[in-house]
Amino acid sequence: MKIGIRHITLLFLIGFTSLVQSQTSIVSDSIQSYIEKAEKLQEEYKYEKSLEIAKAALQTALYNNDDKSLGHIYNIIAKNYEINEDFIKARGNYRKALVYAKSSKSRVLETDLYNSMARVFTKYNLTRAKGVTYYKKSYEYAITLKDTARMLRPLLNLGEYYIVRSDFDSAFEYLEPAQELIQSNSSNLVKTKLTGLLGKYFLNTRKYEEAEDYIDQAISYAKGETKNKDNNDQLVSTYYEELASAYQTKSELYKKQDDYQRAYTYQKKHFQNILLSKDKKKLQELRKAITEYEVDLLEKRAKKAESEKKESESEVLKWRISIILGIILILISLAFLISSYKNNIQKKRLNSDLIEKNKELISAKETAEQVSTLKSQFISTVSHELRTPLYGVIGLTSLLMENPEEKKKNEYLESLKFSGDYLLALINDVLQLSKIETNEVKLEKVSFDIRSLIEGIVNSLHTKQKSNNNTVHIDIDKEINTTLLGDSVRLSQILINLIGNALKFTKDGNIWINVKCLEQKNDSYHLRFLVKDDGIGIPKSKQKSIFDNFAQVKNENQEYEGTGLGLAIVKKLIHLHNSEIKIKSQEGKGSEFYFDLSYEKAVKQRETALQSGENLSIGTTNFYVLIVDDNKINQIVTQNILKKKGYTCNIASNGMDAIKMLKEEQFDLVLMDINMPEMNGLEATKVVRTFNPSIPIIALTAVEEGEIRKQALSVGMNDVIVKPYDTQQFFQTIMRNISKVKMA
Ligand code: ADP
C-alpha cells in the first residue's frame, strides 16, 4: 500500500521534472517567483528549501491579501502533508488552496488542485466517488487549458485507480487517451508510468505480447533514469519503485505463461529494486523527518501569521476604536472642562452678584428696619411730645374761659405761651429733620453779615433765657471784614440750636461764641465756629448719642425743655456743608461744640456797615404798615404786635385789595402773605412793582424760608419772615428794610 501511495504521490510531479533546475537561492522578490521556486523545489523533492520559500511567501501573501498566491502556497503546504501521509491535514489545506484559487480565478491551479484532491479523496471508501469526479474535473479543466501535461495526470491517475481495482475496461478508458496524448517530449516518469500501466492492462486482458512490449518499455525508461546523475535520490528511488513494479508485472506475465524460472528471476529483480528504492528512500526518509518538522513549523507559523494578521487587524481596530474613544473622551472632557470653566466663571459672577445683592438686601433690610423702628419711635415720641403741650393748651384755655382771677390768668397765659412755643419748636424741628433726611434741603447762596447774624440770635435767645443769668461773650475774628456768601438760614439754625443749648444747660455762668478765621483766601474764608459754656457738661458716655434723634441726657435734678432733635439737626446741617461737628465736654465743667465752614466773600469791606440794619438809628418806629393776610387771627396777632411797638397798620384780606389800597394810600412797608385766595402774594407783588418799585414788601409766610426766598426775591419782594416768627427778629427785619429805603 505504501508503495502505491508513493506512486500516486509522485504522479503529480510528472511532466515537470524535465523543467526543473536546481536552485538554492531566491533571486526574485515577487511572491509569484517565490511560489514558482517553491513548487519547483518541491518537485525536486527539495522540501526544506521549498518550505523555506513558501514560508516567506505565505506571510507576505497573507499581509497583502493576495488570494492567488495564497492558493499556490496552501497547495504547497497540502502537498507536504500528503507526502508525509497526513491526509486529513492535506485535504484541509487543499480545500483552503481551492477557495483561494477560485476567488482568484486561477484555472491552472484549480486544475492541479482537483487532481491533488482526487488523490487524497480516492484513498478512502467514503470519498472515493468524489475523488474520481475530481480527477475528471481536473482532466476537463486541463482540456480547456489545452495543457497536455495536465491532461495526462488525471488520465494516468484514473487508469491506475481502476487497474488497482481490477476494473481493466474502465482503466483503458483513460489509458487510451493518455496513450494518444503522450508526446516525445513528455517526461520519462510519465512514459514509464503509462507503459507500466498499459503492461498491467494487457497482462490482465491476456494480451501477453503487447504486455511484454509495454513492460520492457517501462523498464527501459526507468532503468535509464536510475542512472541519470541529474536525478535526486527521491526521483531515483521512484524510478526504482517503477522498475520494481515493472519487474513484478513481468514475473506475473511469465507465471501466467508457466515460465516459472523467468518468473522467479523477475520476482528477484522486483525485490532487488524495492531494496534499491528503499536505500534511496533512507535519505529521503531522513529528509522527510526534517520536512515534517518544517511543515508543522510552517503550519504553526502560517496560523500564527493568520492570527497575527487577525490580531493585528483587531489590534488596528482596537487601536482605532481606542483612538476614537480617546478623542471622544478628550472632546467630552474638553467640553466638560470648558462648560465647567464657564459655569465656574458664571457661578463666581453669580455668586459675587448674589453676595453683592445680598449685601445690598441686608443693608436695605437693615435700613428699612432702622427706618421702620425710627419711624415708630419717631411717631410715638412725636405723638407724646405733641400730646403733652396740647393737653396743656386745651386745659389752660378751658381754665381761662372760666374767668379766673387776674393773677391766675397771667400765670395760665404764660404756661399757654410756653406750650405754644414748645409745639412750634417741635413742629419746626420735625419738619426740618424730615427735609434733611429726604434730601430736600439744598444749600442757598445769599449774602449775610456774620456779626449781625450772631448778635441777632443771641439777642432773641438771651431774652428767653434771662432766668439763667448767663453772660454771653461774642468774639468774631477781625479778619472777617466782608459780608459772607452762603446759606445764612442753615447757619442760623445751627447756631440757634448750639447757643440755645448752651444757655439752657448753663446757670449763672458764661457762654462764649467765637468765630475764628482759620484761613483767608482771595475770595473766601475758612472759619471755625465755637460755642462754649461752663454749664452742666455732658458725660463722656453720652457724647456720641446726643446727636441721635430725640436723644436727651437724663438729668434727675432738673427738667429742661427741649425736643431732643436740635443736635441731630445740627449734625446733619453741618454734614450738608461737608463738615463735622466736634464736641469737648466734661460733666460739671461745661461743654464746647465747634465746627469749620467755608464761605465766599460777598461784598467789599465798606459796604458791610450798611447791611446790618439794626445798628442804624432812624429815630422813630412810627411807620405805616399794610398787612396783607386772609386769615383773621393772623391779621389780629400781627396788627397787635405792630401796634404795641407804635406802628400804624391797615389790613387787606387779599392781593387785589392790597393793590387797590397801595394805589390809594402811602405806606412805609407791606407785610404780604403768600398763600391767599383770588390773588396770591407773589402775583400781587408783581403788580405793585409796576407802579411802586421802592416800597419794602416783606413776605410773611408759613412756608419754609429756603423754599420761598428765591421766588419772593425774584418777583420784587425785599425779605422773608417765616410765621410763626420771633418778634425780635420780626422787628429787626422790618426796621432793616424800612431804613434801607429811608437811608437811600
Ligand atoms: P434738646 O432739645 O433736648 O436740647 P438737643 O438735641 O439739642 O435736644 O440736645 C440733646 C441733649 O444733649 C440735651 O437734651 C442735653 O442733655 C445734651 N446737651 C446739648 N447741649 C448741651 C450743653 N451745652 N450742655 C449740656 N448738655 C447739653
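Student: At what angle do α16 and α17 pack, and how far apart are their axes?
Tutor: This is a predicted model. Two packed helices are described by the angle between their axes and the distance between the axes. Angles run from 0 to 180 degrees between N-to-C directions. For α16 and α17 the axes are 9 Å apart, and the angle is about 145 degrees.

Student: Which residues of α17 meet α16, and what is the handedness of the crossing?
Tutor: α16 passes α17 in a left-handed crossing. From α16, the contact uses R490, Q493, I494, N497, L498 and N501. Their partners in α17 are G566, L567, V570, L573 and I574.

Student: How do the residues of the contact of α16 with α17 divide by class?
Tutor: Gly counts among the polar residues, and G566 is part of this contact. The division is 6 nonpolar, 4 polar and 1 charged.

Student: At what angle do α14 and α17 pack?
Tutor: Helix α14 covers residues 406–437. α14 passes α17 in a left-handed crossing. Their axes lie 10 Å apart, and the angle is about 35 degrees.

Student: Which residues make the contact of α14 with α17, and how many of them are charged?
Tutor: α14 supplies D429, Q432, L433, I436 and E437. α17 supplies G566, A568, I569, K572 and L573. By class there are 5 nonpolar and 2 polar residues, and the charged ones number 3.

Student: Which residues come nearest to the ligand?
Tutor: A residue belongs to the surroundings if one of its heavy atoms lies within 4 Å of the ligand. There are 20 residues around the ligand. Those that come nearest are N501, D533, Q552, T563 and L567.

Student: Which atoms of the ligand lie 2.8 Å and 2.9 Å from polar side-chain atoms of N501 and D533?
Tutor: The cut-off for a polar contact is 3.5 Å between N or O atoms. N501 places a polar side-chain atom 2.8 Å from an oxygen atom of the ligand. For D533, the polar side-chain atom lies 2.9 Å from a ligand nitrogen atom.

Student: How much of the ligand does the protein bury?
Tutor: A polar backbone atom of G566 also lies 3.3 Å from an oxygen atom of the ligand. The ligand taken alone exposes 520 Å². Of that area, the protein buries 97%.

Student: Which element gives the most to the shell around the ligand?
Tutor: The elements giving two or more residues are α16 (488–504), α17 (566–576) and β7 (590–601). By class, the shell has 10 nonpolar, 8 polar and 2 charged residues. The element that gives the most, with 3 residues, is α16.

Note on methods
Residues are numbered from 1 along each chain as its sequence is written. This is a predicted model: local features need pLDDT of at least 70, side-chain atom pairs count only at pLDDT 80 or more; totals for chains, interfaces and linings use all residues. Side-chain values use heavy atoms; hydrogens and water are left out. A polar contact is a pair of N or O atoms within 3.5 Å; within protein, one must be able to donate a hydrogen and the other to accept it, and residues adjacent in sequence count only if both atoms are side-chain atoms. Accessible areas come from the Shrake-Rupley method with a 1.4 Å probe; for residues, only the protein chains shown count as cover. Helices (H or I, at least four residues) and strands (E, at least two) are DSSP runs, numbered from the N terminus. A crossing is left-handed if the near helix is turned anticlockwise from the far one by less than a right angle, and right-handed if clockwise. Contact means heavy atoms within 4.5 Å.
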